[in-house]
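Here is a short set of exercises to work through at your own pace. Keep the viewer open, try each task yourself, and then compare notes with the solution below it.

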Amino acid sequence: MFSGWKRPALHRQELHPTHLLTGSAEGLSGGLGPAWSDTVVVVSTEFGRTARINGTGGTDHGTSAPQFIMGGGVKGGHIYGATDEFGFKAVEDPVHIHDLHATILHILGLDHEKLTHRYAGRDFRLTDVHGKVVKDLIA
């Protein structure tokens, strides 16, 4: 589909995650059959990209990072949150990375708070000492 890892000249419509993933998601979910209810797929971006082309022909980094989660335990056909018109920052229902991790662990059947260990007088866990499950994403 793309000739390199980055094609900033693409139109915003072509970069929309649903256009890039719909066919792959349908093929994956159909191919797994009954095992689909026990499978969780997470497609995560490193950081958000703005739709604006900067002076060097590239795109700038935003503060939002789109996520695509599907499979067993995840509410299907659901869009959670929204960014501003430029895709730069979350303006509706932002999810902190610790909350995303807590939610993924919950979907996998793990309680992130029970994955805590104390070291040097401080509690450590995969979600740091934060993280709340985003219940609106759970089926």
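## Exercise 1: A leucine and its patch

At 52% relative accessibility, L108 counts as exposed. Keep in mind that the model is a predicted one.

**Task.** Find where L108 lies, and work out which residues form a nonpolar patch with L108 on the surface.

**Solution.**
- Start with the location: L108 lies in the loop between α3 (97–107) and β7 (117–119).
- Check the class: exposed means over 50% relative accessible area, so L108, at 52%, is exposed.
- Now look at the company it keeps: L108 forms the nonpolar surface patch together with L110, L115 and L126. The four leucines have about 370 Å² of accessible area together.

## Exercise 2: Another residue of the loop

**Task.** Decide how E113 should be classed by accessibility, then state the C-alpha separation of E113 and A102.

**Solution.**
- E113 has its place in the loop between α3 and β7.
- The relative accessible area of E113 is 48%, so E113 is partly exposed.
- E113 and A102 are 11 residues apart along the chain, and their C-alpha atoms are separated by 8.5 Å.

## Exercise 3: Salt bridges

Side chains of opposite charge can pair when their charged atoms come close.

**Task.** How many salt bridges does the count come to? For D123 and R118, give the N to O distance, and do likewise for R122 and D128.

**Solution.**
- The count comes to 2 salt bridges.
- One of them joins the side chains of D123 and R118, at 3.3 Å from N to O. D123 is partly exposed because its relative accessibility is 29%, while R118, at 56%, is exposed.
- R122 forms a salt bridge with D128, and here the closest N and O atoms are 2.8 Å apart. R122 is partly exposed at 35% relative accessibility, and D128 is partly exposed too, with a relative accessible area of 21%.
- Stay with R122 for one more step: R122 also lies over the face of F124, at 4.4 Å from the ring centre.

## Exercise 4: A buried aspartate

**Task.** Is D84 buried or exposed? Which residues does D84 contact, leaving aside its neighbours within four places in sequence?

**Solution.**
- D84 sits in the loop between β5 (82–83) and β6 (90–92).
- Buried means under 20% relative accessible area; D84 has 17%, so D84 is buried.
- With neighbours within four places in sequence left aside, D84 is in contact with K89 and V91.

## Exercise 5: Positive phi

**Task.** Compare D93 and A120 by giving phi for D93 and phi for A120, and place each residue in its loop.

**Solution.**
- For D93, phi is near 50 degrees, a positive value in a residue other than glycine. D93 is found in the loop between β6 and α3, and with a relative accessible area of 39% it is partly exposed.
- For A120, phi is near 55 degrees, which is again a positive value in a residue other than glycine. A120 lies in the loop between β7 and β8 (122–124), and at 73% relative accessibility A120 is exposed.

## Exercise 6: The whole chain

**Task.** Describe the order of helices and strands along the sequence, and say what part of the residues counts as buried.

**Solution.**
- The chain has 3 helices and 8 strands, in the pattern α-α-β-β-β-β-β-β-α-β-β.
- Of its 139 residues, 24% count as buried.
- The chain exposes about 9600 Å², and carbon and sulfur atoms supply 56% of that.

Technical notes: Residues are numbered from 1 along each chain as its sequence is written. This is a predicted model: local features need pLDDT of at least 70, side-chain atom pairs count only at pLDDT 80 or more; totals for chains, interfaces and linings use all residues. Side-chain values use heavy atoms; hydrogens and water are left out. Patches are made of residues with over 30% relative accessible area and no salt bridge: like charges are joined within 9 Å, nonpolar side chains (Val, Leu, Ile, Met, Phe, Trp, Tyr) within 5 Å. Accessible areas come from the Shrake-Rupley method with a 1.4 Å probe; for residues, only the protein chains shown count as cover. Helices (H or I, at least four residues) and strands (E, at least two) are DSSP runs, numbered from the N terminus. Buried means under 20% relative accessible area, exposed over 50%, partly exposed in between (1.4 Å probe, protein chains only). Contact means heavy atoms within 4.5 Å. A charge sits over a ring if NZ of Lys or CZ of Arg is within 6 Å of the ring centre and within 35 degrees of the ring normal.
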